[in-house]
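Trainee: Could we go through this model together, beginning with the strands and then turning to the spaces and the core?

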Amino acid sequence: PALRHLVTDMLGLLLSKPGQPFGVRPIGIAKALVRLTGAFLVKDNREAVLEQQSPYEFGNAVAGGPEALPRTVAILLELHHDWIVLQTDIKNAFNTFPRKLIFLCVRRFPKLIPYFRTIYGAGCTVRFLNLDGRLVFEIVNSEGVVQGMADAGMAFDGAYGVLVEEIRILH
């Protein structure tokens, strides 16, 4: 725990985003080694991810999944004219995602629990630097998943799949 910050601290970047406060959106960029480790862990657990997250997951561990999804939907709608498609978009989804939901998903992947505890078990410091490399300000991020990391998509989609399954069972 004392050295955790060496892995979890991130570099902050302000993206231009109209409609956001001050016209920018802060994001944290994880260290390359952390992103690479997450990608290898997801790849190493590909079969378990597919088994646990199917049929709701197309972005993680599914070759060509994001490209195949729109075509699959189009074919299904051609075959079933009485069906409708409901598409949702969760505003700022990755940043507002409660971390306790991450652990609902990850508990199905015991080999990944230590990694997720390290990355998401506590807040991480995001440092914003000026062009000279000097610290301008820092924030502590204790919600959401880290965008751009393979494990983030897996955790988000896995927990979202749990919600979809609950809705399916209730209706």
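Trainee: In which sense do strand 1 and strand 3 pair, and which residue of strand 3 is the bridge partner of leucine 11?

Mentor: Bear in mind throughout that this is a predicted model. Strand 1, residues 10-16, and strand 3, residues 124-129, are joined over two bridges and pair in the parallel sense. Within strand 3, the bridge partner of leucine 11 is arginine 127.

Trainee: How many bridges join strand 1 to strand 2, and which residue of strand 2 stands opposite leucine 11?

Mentor: Strand 2 covers residues 24-29 and runs antiparallel to strand 1, the two being joined by six bridges. Leucine 11 has a bridge partner in strand 3, arginine 127, and on the strand 2 side the residue that stands opposite leucine 11 is isoleucine 29.

Trainee: Which element gives the largest share of the lining of the second largest pocket?

Mentor: The second largest pocket holds about 290 Å³ of space. Its lining consists of 16 residues, of which Pro26, Ile27, Asn95, Ile139 and Asn141 are the closest to the centre. Two elements, strand 2 and strand 4 (135-141), give two or more residues to this lining. The largest share, four residues, comes from strand 2.

Trainee: How do the residues of that lining divide into nonpolar, polar and charged?

Mentor: Sorted by residue class, the lining of the second largest pocket divides into eight nonpolar, six polar and two charged residues.
The residues closest to the centre of this pocket include Asn95 and Asn141, and asparagine falls in the polar class. In the lining as a whole, the number of polar residues is six.

Trainee: Which residues line the largest cavity, and how many of them are polar?

Mentor: The structure holds one cavity of 30 Å³ or more, and the largest cavity contains about 50 Å³ of space. The residues that line this cavity are Val7, Thr8, Met10, Ala30, Val34, Ile119, Cys124 and Val146. They divide into seven nonpolar and no charged residues, which leaves the number of polar ones at one.

Trainee: Which element gives the largest share of the largest nonpolar core?

Mentor: This core has 27 residues, and those that touch the most other members are Ile102, Phe116, Tyr120, Val145, Met149 and Met154. Two or more residues come from each of helix 2 (32-44), helix 6 (99-106), helix 7 (113-120), strand 3 and helix 8 (150-170). The largest share, five residues, comes from helix 8.

Trainee: Which residues does phenylalanine 116 touch, leaving aside those up to four places away in sequence?

Mentor: Phenylalanine 116 is among the core residues that touch the most other members. With residues up to four places away in sequence left out, the residues touched by phenylalanine 116 are Ile102, Phe103, Val106, Gly121, Asp151, Met154 and Ala155.

Trainee: Why does histidine 80 count as partly exposed?

Mentor: Histidine 80 lies in the loop between helix 4 (65-79) and helix 5 (93-96). A residue is buried under 20% relative accessible area and exposed over 50%. Histidine 80 has a relative accessibility between these limits and therefore counts as partly exposed, the value being 28%.

Trainee: What distance separates the C-alpha atoms of histidine 80 and phenylalanine 94?

Mentor: Histidine 80 belongs to the loop that leads to helix 5, residues 93-96. Along the chain, histidine 80 and phenylalanine 94 are 14 residues apart, and their C-alpha atoms are separated by 33 Å.

Technical notes. Residues are numbered from 1 along each chain as its sequence is written. This is a predicted model: local features need pLDDT of at least 70, side-chain atom pairs count only at pLDDT 80 or more; totals for chains, interfaces and linings use all residues. Side-chain values use heavy atoms; hydrogens and water are left out. Two strands pair if DSSP finds at least two bridges between them. On a 1 Å grid over the protein atoms alone, a cavity is a set of points where a 1.4 Å probe fits but cannot get out, and a pocket is an open set with protein on both sides within 12 Å along at least five of seven lines; lining residues have an atom within 4 Å of a point. Grid points are joined across faces, edges and corners, and a volume is the space filled by probe spheres set on the points. A nonpolar core is a set of buried Ala, Val, Leu, Ile, Met, Phe, Trp, Tyr and Cys residues joined through side-chain atoms within 4.5 Å. Buried means under 20% relative accessible area, exposed over 50%, partly exposed in between (1.4 Å probe, protein chains only). Contact means heavy atoms within 4.5 Å.
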